[in-house]
Every structure is written in structure tokens, then in C-alpha cells.
Amino acid sequence: MSFITKSPWIVHYDGSSCNGCDIEVLACLTPMYDVERFGIINTGNPKHADIFLITGYVNTQNVDVIKNIYRKMPDPKVVVAIGICASTGNFFRECYNALGGVDTIIPVDVYVPGCAARPEAIIDGVVKALGILDQKKNKTYVAPVKPEGVII
Amino acid sequence: MKLLLAALAFVILTPVVCGLLAGFDRIITAKMQGRYGPPLLQPFFDVLKLFEKENLMVNQFYHSFYLICYLVFMVASGILFFTGQDLLLVIFAFTLADIFLVLAAYSTNSPFSFIGAERELLLMMSAEPMLLIAAVGLFMATKSFKVGSIASVADLNTILLLPGVFIGLLFILTIKLRKSPFDLSTSHHAHQEIVKGVTTEFAGPSLALVEIAHWYETAIMLGIIYLFFAGNPVIAVSVVLVAYFVEILIDNTFARFKWELTLKSSWAVTFIFGGLNLIVLFIIEKVKI
Ligand code: SF4
């Protein structure tokens, strides 16, 4: 057992979300859901974080920001894409500025569906991410093969 | 031999006791906010997890060197205190440890750490005078700077002679425990950038060192509070626990101060309560002679 699953700290980045998913992410921190029960803290600081939550699609302006946050996180780390926007680009996909889902620029480990993703789904996604975090810590993680290679 | 055992007990027991205290702190804080809160052992999980992480360093040498110095001097200061050595020496070692934290923050070359380091210096400026006044006050009341003999002499009289000094010390306890409204340089809570200040750029094991050193720091500060009531351990321990609870309450009810207000208020309290108390003590002694 590794301690990383008992104290996952989160950094949350709002890509180009409509704010629907962000509100739901923040709702997880409220007394109603209180994710601190699981030791989860929203640090907002990439250097302290283990889990990277992204909401919203990638556009030409935030692509560098997302890469930067990802690089600044110490290993082991996981990325969770919250909402359809972050997963695939949603209906913004065809926009002039959209590059698509988050996995077009950094490897994503967990996709949380929903528009907006419900807090329960987000907590489920984070718990799923903990399993992957544990595997990464023990170096037993095998990344699933994706149709399009995603390497930054 | 006895001193060696005391030192060893301090080094081993402090992380356990202060870690548990931090765990209670987080649960009580959560309850005050209407949340359920983390498990009691959460602070230990956090620190152990941080040791499992990669140590991202901007400045390979200075970064870890200064942080290790921070921990070592904090432990040394605590050992001096809990083996009953000179109180002034304890305070100097304590200050030196803090200086190393500031240097570590400066060595990371990040604007947020720079501001944090400056604010840490500012907080030290706010807190140190009161610590020194407390040492002098304890000397005037018990005729000794040695923690050992202060502890053996201290009785009800000590606190009756030093009420102002004690209030001043409680005031700066908030600064030293890094509680709101004085958590300018870094904070216990999940924050980032300027509010996280000195610790913004520390990742993984580096952050764990800071956390452990802070446990020792807490032990020393609570130890100084204990010293005022050392004659009666039951009262002393309850006073320490009540003081810690009040700190949590203050932490949850106050907004963060600006640095000017922090400096002004702590110096005002230091000189009004601590300073006046010393003057009164001085006059009492002259009258007696
Ligand atoms: S998935 Fe829906 S709710 Fe979430 S950011 Fe996109 S549009 Fe908004």
C-alpha cells in the first residue's frame, strides 16, 4: 500500500469550460460532499499536487498553460478530464480556436463524462485515479493504447 | 545520560504528538466549518506521501541544504529546550532555523517564494521581540535563564507576576503556529502562490521536511507556554490545550491581516503587555530592596 492514495492533493485548472463543470468540482469541497474525508485537498499549486483536474477544452491560448502545469507536477501524477469538453471537446470541437480534448496535448488517465459532470461522478473519477496513481507509484502501470498517440 | 534520554525522547515523540495535534486541528477545523473532516492520522499520511513523491528542485544544492539546516536547527533548539538548557540559546537557535527557511525560499528564484520569504522575515520581526521579553520576564520572575531551573521554580506566583508577558506570548503564538490572521508567509490550508509563500516551490520530500520542522516548532512554542505553569503539570497541560483550541478558533474566524497591521498590532501588544509587565516587575523588585 502506498500513502499516495490516502492523501491525494489536487490542482484544478479551468481550460475553456463554460464554468458548469468548475462549479461541480468546487461543489465537491463543500460540506455536502467534503472530499477532505478522503484526504483530498484542492491545493491549486502544481508543485504540491498529485492529481490534475481539467475542465473545458483546449484552445490555442491555454495549451501552453496546461502543458506547463503538467510538467511542474512531481511524479507520480495523474490527469483527470472532467466533463465532455475536457474529454473530447464537446460541441466546441469545431470552434475556430479549439484544439479538442485535453488528451490531444497531455496523456489523460481518467475521463469523467457528463455535461456538467456531477460531483458524485467527479469523486468517482478521482477515486479511480487513485488506483492508477498507486500503480504508477509501484511502476506497474501500463498505459492503455489509444487510437491516436498522445505524447507531448 | 538522563539528558541524552530526554533529547532522544523529544526527537522521537514530538513528530508523533504534534502530528496527532495537527490531526485534531484539522478535524476540529472541519467541524467548525460544518464538514466531516479527514481521518485523525491524515497529517502523517500527508508527510509519508510527500516522501514518496519526486523531489522537484530549482536549485539542487541550496534548496535541500537550507531545508535540512532548517530542520536540524529546529530540532537542536527543541533539544536545548527540553533538556532544560538556556532559554536564550533556545530562542536564538529557533530564530536561526527560521532564517534557513527564508534562505531556502530565496534560493528557489520564484517571485511568490520571494514575497513569502520577505513576509517570513517580517513575521520574525513581529514575533522575536515578544519571545525575548518572555525570556527576560521568566528570568525576572524565577532568577534563572535555564529552562530546567525555571521549570522547577515556576509556581502560581510566576503567572501572577507575568500576566502581560503571557498574553503577549499567546498573541505571537498565532504567528508562530502560522494561523490566520497571521498566516502571511505560508498557510496550513490549501492555498497557492503568495499565500503559500515560502512553501510554494517546495515539492515532495522538501515540503515534508518543512512540515516536520513545523511540528518541532509547534512543540517548542507550546513548551514555552507550558513553562509558565510548570509547577503544576495538570494545569499546564490544560492551559496548553486550551491555548491551542483558541488558536484554531481564531484561525477559523479571522480574515488574513495585511503585513502593516500584523507588524503594528504585534509590536503594540508586545510593548504594551510585555513591556509594561517588565517595567512593573522592575519597580516591584526595587521596592522590595
Ligand atoms: S462539459 Fe458541459 S458543463 Fe462541462 S464545461 Fe463543457 S459545456 Fe460546460
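In the predicted model, P76(A) occupies the loop of chain A that runs between α2 (63–72) and β5 (78–82). The peptide bond leading into this proline from D75(A) is cis, and its omega lies near -10 degrees. Chain B also contains a cis peptide bond, here joining S180(B) to P181(B), with omega about 5 degrees. P181(B) is likewise a loop residue, placed between α8 (163–176) and α9 (193–196) of chain B. Most peptide bonds are trans, and most residues other than glycine have a negative phi.

Positive phi values were found at two further loop positions. D34(A), a residue other than glycine, has phi near 35 degrees. The loop that holds D34(A) connects α1 (20–27) with β2 (41–42) of chain A. In chain B, K143(B) is not a glycine either, yet its phi is positive at about 60 degrees. K143(B) is located in the loop between α5 (111–142) and α6 (147–153) of chain B. As to accessibility, D34(A) has a relative accessible area of 1% and is therefore classed as buried, whereas K143(B), with a relative accessible area of 54%, is exposed.

Chain A comprises 4 helices and 7 strands. Their order from the N terminus is β-α-β-β-β-α-β-α-β-β-α. The radius of gyration of chain A is 14 Å, in agreement with the value near 15 Å expected for a compact globule of 152 residues. The C-alpha trace of this chain spans about 45 × 35 × 25 Å along its principal axes. Buried residues make up 54% of the 152 residues of chain A. Among contacts in chain A with a separation of 6 or more, 81% are between residues 24 or more positions apart. The accessible surface of chain A amounts to about 7,000 Å², with carbon and sulfur atoms accounting for 57%. Chain A carries 14 positive and 15 negative side chains, and 7 Å separates the centres of the two sets.

Chain B, by contrast, is built with 12 helices and 0 strands. For chain B, a radius of gyration of 19 Å agrees with the value near 19 Å expected for a compact globule of 289 residues. Its C-alpha trace extends over about 65 × 45 × 40 Å along the principal axes. Of the 289 residues of chain B, 53% are buried. Residues 24 or more positions apart contribute 77% of the contacts in chain B with a separation of 6 or more. The exposed surface of chain B is about 12,500 Å², and 76% of this area is supplied by carbon and sulfur atoms. Chain B has 18 positive and 19 negative charges, whose mean positions lie 5 Å apart.

The largest nonpolar core contains 77 residues, of which L67(B), Y70(B), L87(B), L131(B), L169(B), I172(B) and F228(B) touch the most other members. Helix α10 (residues 205–227) of chain B provides the largest share of this core, with 15 residues. When residues up to four places away in sequence are not counted, L67(B) touches Y62(B), L101(B), A104(B), F202(B), S206(B), L209(B) and V210(B). A second core, separate from the largest, consists of 23 residues, including V25(A), I51(A), I122(A) and I132(A).

Methods: Residues numbered from 1 in each chain as written. Chains lettered and ligands numbered in written order. Predicted model: local features only at pLDDT ≥ 70, side-chain atom pairs only at ≥ 80, totals over all residues. Heavy atoms only, no water. Core = buried A, V, L, I, M, F, W, Y, C linked by side-chain atoms within 4.5 Å. Buried < 20%, exposed > 50% of the residue type's maximum accessible area, 1.4 Å probe, protein only. Helix = DSSP H or I, 4+ residues; strand = E, 2+ residues; numbered from the N terminus. Contact = heavy atoms within 4.5 Å. Rg over C-alpha atoms; globule rule 2.2 N^0.38 Å. Areas by Shrake-Rupley, 256 points an atom, 1.4 Å probe, with all protein chains shown as cover. Lys, Arg positive; Asp, Glu negative; His and termini not counted. Charge placed at Lys NZ, Arg CZ, Asp CG, Glu CD.
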